[in-house]
Amino acid sequence: MEWSNGYVHGIDYPVSFFAEQSPVHLSVGCVVHGVEPVPLDRPFTYMELGCGQGLTSAVLAAANPQGRFYAVDFLPTHVQTARELVDAASLDNLTVIECSFEQMAGGEIDLPQFDFVTMYGVYSWVDAANRRYIAEFLRRYLKPGGIAYLNYNAMPGWSSALSLQRLLREFGRDSTLSCERQVAQGRALVEALRDQKAAAFARADSDGLGLRLEMLGGKHVDYLAHEYLNQGWDALYSIDVIQAMAAVKLDYVGSALLENSFTQLYLTQGQRDLLAGLPNSGMRELAWDHLRNSSFREDIYVRGARMMSPARRDAWLERCGVALTLPRSRINLELTLVIGKINADARLADPMIEALLERPHSLVELAALPEIRSRGYGLREVASMAGLLMAGRQAAIFFLSSAGNDQAPAARLNRVIAARSRECDHFQALASPLLGNGVKSSLLQRVAYDQAGHAVLQPEGWVHAMAQAVQRQGAKLERAGVALEAPHEIDAELRYLAEAIAEQRMPVWRNLNMAPLAATS
């Protein structure tokens with residue numbers, strides 16, 4: 001049997017960072033759902049299953065030096081890249097392992113018990129046997145009270161596109177072709193069927209299939225190969241996943257997408273009443289998926305979930321702070337969320353943002369602001385608004401204990417990532433020891449970070465390195481949606497962007513304890 005068991009190899013999965021996998025995000029998610037979290041003010045253990053090229057685990061290990069991190073992947077090329085990143089940043093709290101889920105489930109690898117186990121883009125992309133190995137691994141290694149995060153392609157949202165996935169997957173069976181060729185042939189067949197007015201695609205403009213067809217033409221080959229060519233791929237019903245996890249003593253807690261907890265913003269009263277009348281979480285989530293036509297889920301499970309009293313939940317909120325992750329110019333109270341566009345309550349959001357522009361605040365400090373207190377808002381309302389701003393990628397909730405974390409590991413990793421940005425745009429996140437998480441960062445922001453770290457403090461001094469990075473990587477600069485071609489236009493745009501990074505992004509980095517070292521002096 002082929003060593004990959006039908007999983008795509010020969011082409012690396014795109015390097016990505018996913019903040020939802022962070023210990024702080026998952027513990028905050030538990031608090032939001034009223035379940036006792038894992039404390040992060042003490043040592044903890046963390047495992048990422050299917051870590052890819054290791055960016056998420058590396059950023060989280062650097063941002064949480066009190067944790068002991070492990071990451072595993074089946075593909076040797078992924079593991080090699082991840083280990084090189086770990087070694088370059090001297091992250092002595094992260095171990096990267098090459099092995100299969102079967103080996104891990106069988107206890108062949110010497111591992112501790114874990115407070116957190118996460119996986120992104122794994123569970124519904126491997127076959128049923130490997131899903132059973134994952135469940136067995138969780139049964140064997142997740143501590144009582146430990147948190148698991150998993151995501152998967154979900155039904156019924158995928159129902160309209162299952163035939164498309166089946167067409168493409170068939171090309172993945174031909175091992176004599178490269179992954180690039182398999183994707184190309186699949187694309188060609190789909191286009192030919194559309195040209196011939198295939199009835200199966202007739203409703204593509206009115207359902208999820210249209211989006212999948214559009215993505216097929218625009219996404220990179222490495223993404224498409226891993227999304228569509230895996231022979232074990234499946235779209236799953238949430239009730240089946242909940243039952244599989246229950247069989248290994250994991251309780252479903254709720255969505256890792258915090259905006260999904262604000263049901264009053266996107267479900268009618270009748271829909272909420274319908275869900276409330278169902279007998280268990282499996283039935284409620286299955287019905288919710290039909291109400292929302294879910295095609296992708298991100299879920300939190302706990303091994304022995306303990307529900308908190310309102311007073312206990314408030315006590316946890318008092319241990320939390322919030323920080324902006326975007327500069328003032330990017331803050332917008334019309335939030336684009338998974339649940340749709342939401343207009344945040346300006347009477348509460350505006351005074352919070354004004355305070356946060358100066359520095360991060362605890363939720364208690366924000367609730368005590370005169371403009372907030374006088375309008376009848378309290379700790380819970382402030383926490384809810386912080387959750388919405390976090391869902392909109394404009395802010396992040398953190399635990400106050402992280403303010404004392406060692407900043408050196410994050411600084412080392414950020415220097416490595418920033419330096420590599422001169423040559424490639426793969427590692428698109430930097431570590432924040434305050435947040436215990438990562439912050440997405442563009443190519444030019446990372447080049448500027450690198451330059452500032454080398455004591456090039458004036459933004460005009462960054463322009464040459466920014467221009468080199470753009471040229472080497474074949475990147476295109478645009479202004480108002482129009483690509484810039486003339487050298488003088490490109491130079492002017494880079495100077496403008498350098499000034500904007502210095503004036504707007506650097507203060508955000510300082511507030512998040514992640515400014516380049518030279519820029520802090």
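**Exercise 1. Take stock of the whole fold: how many helices and strands does the protein have?**

Step 1. The secondary structure comes to 22 helices and 16 strands, where helices (H or I, at least four residues) and strands (E, at least two) are DSSP runs numbered from the N terminus. This is a predicted model, in which local features need pLDDT of at least 70 and side-chain atom pairs count only at pLDDT 80 or more, while totals for chains, interfaces and linings use all residues. Residues are numbered from 1 along each chain as its sequence is written, and side-chain values use heavy atoms, with hydrogens and water left out.

Step 2. Now check the overall size. For 521 residues, a compact globule would have a radius of gyration near 24 Å, and the protein has 23 Å, which agrees. The radius is taken over C-alpha atoms, and the globule rule is 2.2 Å times the number of residues to the power 0.38.

Step 3. Of the 521 residues, 54% count as buried; buried means under 20% relative accessible area, exposed over 50%, and partly exposed in between (1.4 Å probe, protein chains only).

**Exercise 2. Work out which residues of helix α12 are buried and what covers them.**

Step 1. Start with the length. Helix α12 has 12 residues (281-292), which at 1.5 Å a residue should span 16 Å, and its end C-alpha atoms are indeed 16 Å apart. The expected span is 1.5 Å times one less than the number of residues.

Step 2. Its buried residues are Gly282, Glu285, Leu286, Ala287, Trp288 and Asp289. Their cover includes α10 (238-246), β6 (251-255), α11 (269-276) and β7 (296-302).

Step 3. Look at both ends. At the start of α12, a side-chain oxygen of asparagine 280 comes to within 3.2 Å of the backbone nitrogen of glycine 282. Just after the helix, asparagine 293 has a positive phi of about 50°.

**Exercise 3. Trace the open sheet of three strands: what is its order?**

Step 1. The order is β11-β8-β12, with antiparallel pairing; two strands pair if DSSP finds at least two bridges between them.

Step 2. β11 (361-362) and β12 (395-399) are the edge strands, each with a single partner, so one side of each has no neighbour in the sheet.

Step 3. Strand β8 (residues 320-324) pairs with β12 over five bridges, and leucine 324 has alanine 395 in β12 as its bridge partner.

**Exercise 4. Is threonine 81 buried or exposed?**

Step 1. Find threonine 81 in helix α3 (residues 76-88).

Step 2. Its relative accessible area is 18%, so threonine 81 is buried.

Step 3. Leaving aside neighbours within four places in sequence, threonine 81 is in contact (heavy atoms within 4.5 Å) with Gln53 and Phe427.

Technical notes: A polar contact is a pair of N or O atoms within 3.5 Å; within protein, one must be able to donate a hydrogen and the other to accept it, and residues adjacent in sequence count only if both atoms are side-chain atoms.
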